[in-house]
Amino acid sequence: MADETAVAATAFRTLMASHPGGVAVVTTADEDGVPYGFTCTALCSVSLDPPRLLVCAAHGGRTLPVLTARGTFVVNMLHADGRGAAEVFTSRTADRFGQVSWWSGPATGLPVLGDDAHAVAECRVAALHPCGDHTIVVGDVLRSEVRATDRAPLLYGRRRFAAWPSEA
């Protein structure tokens, strides 16, 4: 049975890698203002009324407990030139926020990666749904901003980063 599970996990990882997704960095901060974040490709819109989106956060990561306790988070949707930020937030680097430019968002006071993001959504947790080895975090969008319409969104698929194709 264990071998079947390992094969299924490998096959599933291959399946999902074959379908590209937009790349974001989800950020929050603890009660002392220490920032936390992770790179995320599992995100989507949920509802227009009220405006809601969802992200999926790994149970084993350091950010989920902080995000849950804080009750707010920011989704920084990266443009193609933000690949460095995506890589920093997938690494085990201790001082991730020392390697990127960021400032506090006006609605939540949480880290906005404005130089690397083409769009930003500041959110309040509306629901948490544990599911497998992740938690689905549903957020009410408190503030949104499209920062750079001329910058191609960053995608991840087939185990590599790419820019959204430019219009011809």
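The legends below describe close-up views of a predicted model.

**View 1. The β4–β5 hairpin and its antiparallel pairing.**
Strand β4, which covers residues 43–47, pairs with strand β5, which covers residues 52–58, in the antiparallel sense, and 4 bridges are found between the two. These strands form a hairpin in which 4 residues lie between β4 and β5. One position at which the pairing can be followed residue by residue is Cys44, whose bridge partner in β5 is Leu54.

**View 2. The cis peptide bond in the β4–β5 loop.**
In the loop between β4 and β5 lies Pro50, and the peptide bond that joins Asp49 to Pro50 is cis, with an omega of about 5 degrees. This view can be read together with the preceding one, since the loop that holds Pro50 belongs to the hairpin formed by β4 and β5.

**View 3. Pairing of β5 with β10.**
Besides its 4 bridges with β4, strand β5 is joined by 7 bridges to strand β10, which spans residues 134–146, and β5 and β10 run antiparallel. Within this pairing, Cys56 has Ile136 of β10 as its bridge partner.

**View 4. The surroundings of Glu122 in strand β9.**
Glu122 is placed in strand β9, which comprises residues 117–131. Its relative accessibility is 0%, and Glu122 therefore counts as buried, the cut-off for that class being under 20%. The side chain of Glu122 makes a polar contact of 2.6 Å with the side chain of Thr108. When neighbours within four places in sequence are left aside, the residues in contact with Glu122 include Phe73 and Val74, the run of Gly105, Pro106, Ala107, Thr108 and Gly109, and also Asp140, Val141, Leu142 and Arg143.

**View 5. Two arginines with positive phi in the β11–β12 loop.**
Arg158 is located in the loop that connects β11 (154–157) and β12 (160–163), and Arg159 is found in the loop between β11 and β12 as well. The phi angle of Arg158 is near 55 degrees, a positive value in a residue other than glycine, and for Arg159, likewise a residue other than glycine, phi is positive and near 60 degrees. With a relative accessibility of 59%, Arg158 counts as exposed, because that class begins over 50%. Arg159, by contrast, has a relative accessibility of 48% and so counts as partly exposed.

Key
Residues are numbered from 1 along each chain as its sequence is written. This is a predicted model: local features need pLDDT of at least 70, side-chain atom pairs count only at pLDDT 80 or more; totals for chains, interfaces and linings use all residues. Side-chain values use heavy atoms; hydrogens and water are left out. Two strands pair if DSSP finds at least two bridges between them. Buried means under 20% relative accessible area, exposed over 50%, partly exposed in between (1.4 Å probe, protein chains only). A polar contact is a pair of N or O atoms within 3.5 Å; within protein, one must be able to donate a hydrogen and the other to accept it, and residues adjacent in sequence count only if both atoms are side-chain atoms. Contact means heavy atoms within 4.5 Å.
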